[in-house]
Amino acid sequence: AVSRVLRALGAPKDKKAGLVITARKGLHVMPGEQLFELYASTPALLENGEQTVSKVNLIELERIVLEVV
């Protein structure tokens with residue numbers, strides 16, 4: 001789901017596109033609190049990313065990299 005949002009923002013071609021997670025692991029958050037920030041090089045791409053966020057579930061419990069080849 002994260003990759004869909006990043007692609008909607010213009011990544012990987014647009015190097016200014018991105019998502020920064022602002023909530024820390026183990027931190028209790030309340031409904032409506034900010035969890036992440038979106039970045040895009042144009043307002044249209046930012047809007048596209050926001051629409052994609054509203055359509056997908058971005059919650060992941062934990063991802064572990066076992067090996068980098």
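**Helix H1 and its surroundings in a predicted model**

Let me begin with a single residue, Glu-47, which has a relative accessible area of 39% and therefore counts as partly exposed. Glu-47 belongs to helix H2, and its C-alpha atom lies 9.0 Å from that of Ala-8, although 39 residues separate Glu-47 and Ala-8 in sequence. I should say at once that what we are looking at is a predicted model, with a mean pLDDT of 84 for the protein and 84% of its residues at 70 or more. Among the elements, the lowest mean pLDDT, 89, belongs to S1, and the highest, 94, to H2.

Now the overall layout. The protein has 2 helices and 2 strands, and, read from the N terminus, these elements follow the order α-β-β-α. Of its 69 residues, 19% count as buried, while the exposed area of the protein comes to about 5,900 Å², with carbon and sulfur atoms supplying 58% of that area. If we take the contacts with a separation of 6 or more, 45% of them are between residues 24 or more positions apart.

I will turn next to helix H1, residues 2–9, and ask which of its residues are buried. They are Val-5, Ala-8 and Leu-9, and they lie on the same side of H1, because the arc that they cover around the axis is only 100 degrees. On the face turned away from that buried side, H1 carries Arg-4 and Arg-7, both of them exposed. As for what covers the buried residues of H1, the cover includes strand S1 (18–21), strand S2 (36–39) and helix H2 (43–55).

Val-5, in helix H1, deserves a closer look. Its relative accessible area is 0%, so Val-5 is buried. Residues up to four places away in sequence aside, Val-5 touches Leu-19, Leu-38, Gly-49, Thr-52, Val-53, Val-56 and Leu-58. The C-alpha atom of Val-5 is separated by 8.5 Å from that of Asn-48, which is 43 residues away along the chain.

Val-5 is also a member of the largest nonpolar core, which has 7 residues, the others being Leu-9, Ala-11, Ala-17, Leu-38, Val-56 and Leu-58. As background, nonpolar side chains in soluble globular proteins tend to be buried together. Within this core, what does Leu-38 contact once its neighbours within four places in sequence are left aside? Leu-38 is in contact with Val-5, Leu-9, Gly-18, Leu-19, Leu-46, Gly-49, Glu-50 and Val-53.

Let me move to the helix H2 side, beginning with Thr-52, which lies in that helix. Is Thr-52 buried or exposed? Its relative accessibility is 13%, and because the cut-off for buried is under 20%, Thr-52 counts as buried. With neighbours within four places in sequence left aside, Thr-52 is in contact with Arg-4, Val-5 and Ala-8. A polar atom of the Thr-52 side chain also lies 2.9 Å from the backbone oxygen of Asn-48.

Asn-48 itself sits in helix H2 and is partly exposed, at a relative accessible area of 33%. Leu-46, likewise a residue of helix H2, counts as partly exposed at 28% relative accessibility. Leaving aside residues within four places in sequence, Leu-46 is in contact with Leu-9, Leu-38 and Ala-40.

Both of these residues can be placed relative to Gly-10. The C-alpha atoms of Leu-46 and Gly-10 are separated by 8.8 Å, with these positions 36 residues apart along the chain, and for Asn-48 and Gly-10, 38 residues apart in sequence, the C-alpha to C-alpha distance is 9.2 Å.

That brings me to the backbone following H1. Just after that helix, Gly-10 takes a positive phi of about 115 degrees. A cis peptide bond, with omega of about 5 degrees, joins Ala-11 and Pro-12, and Pro-12 is found in the loop between H1 and S1. For context, most residues other than glycine have a negative phi, and most peptide bonds are trans.

To close, I would return to helix H1: Val-5, Ala-8 and Leu-9 are its buried residues, and strands S1 and S2 together with helix H2 are among the elements that cover them.

Key
Residues numbered from 1 in each chain as written. Predicted model: local features only at pLDDT ≥ 70, side-chain atom pairs only at ≥ 80, totals over all residues. Heavy atoms only, no water. Helix = DSSP H or I, 4+ residues; strand = E, 2+ residues; numbered from the N terminus. Buried < 20%, exposed > 50% of the residue type's maximum accessible area, 1.4 Å probe, protein only. Contact = heavy atoms within 4.5 Å. Areas by Shrake-Rupley, 256 points an atom, 1.4 Å probe, with all protein chains shown as cover. Core = buried A, V, L, I, M, F, W, Y, C linked by side-chain atoms within 4.5 Å. Arc of directions from axis to C-beta. pLDDT = per-residue confidence, 0-100. Polar contact = N/O pair within 3.5 Å; in protein donor to acceptor, adjacent residues only side chain to side chain.
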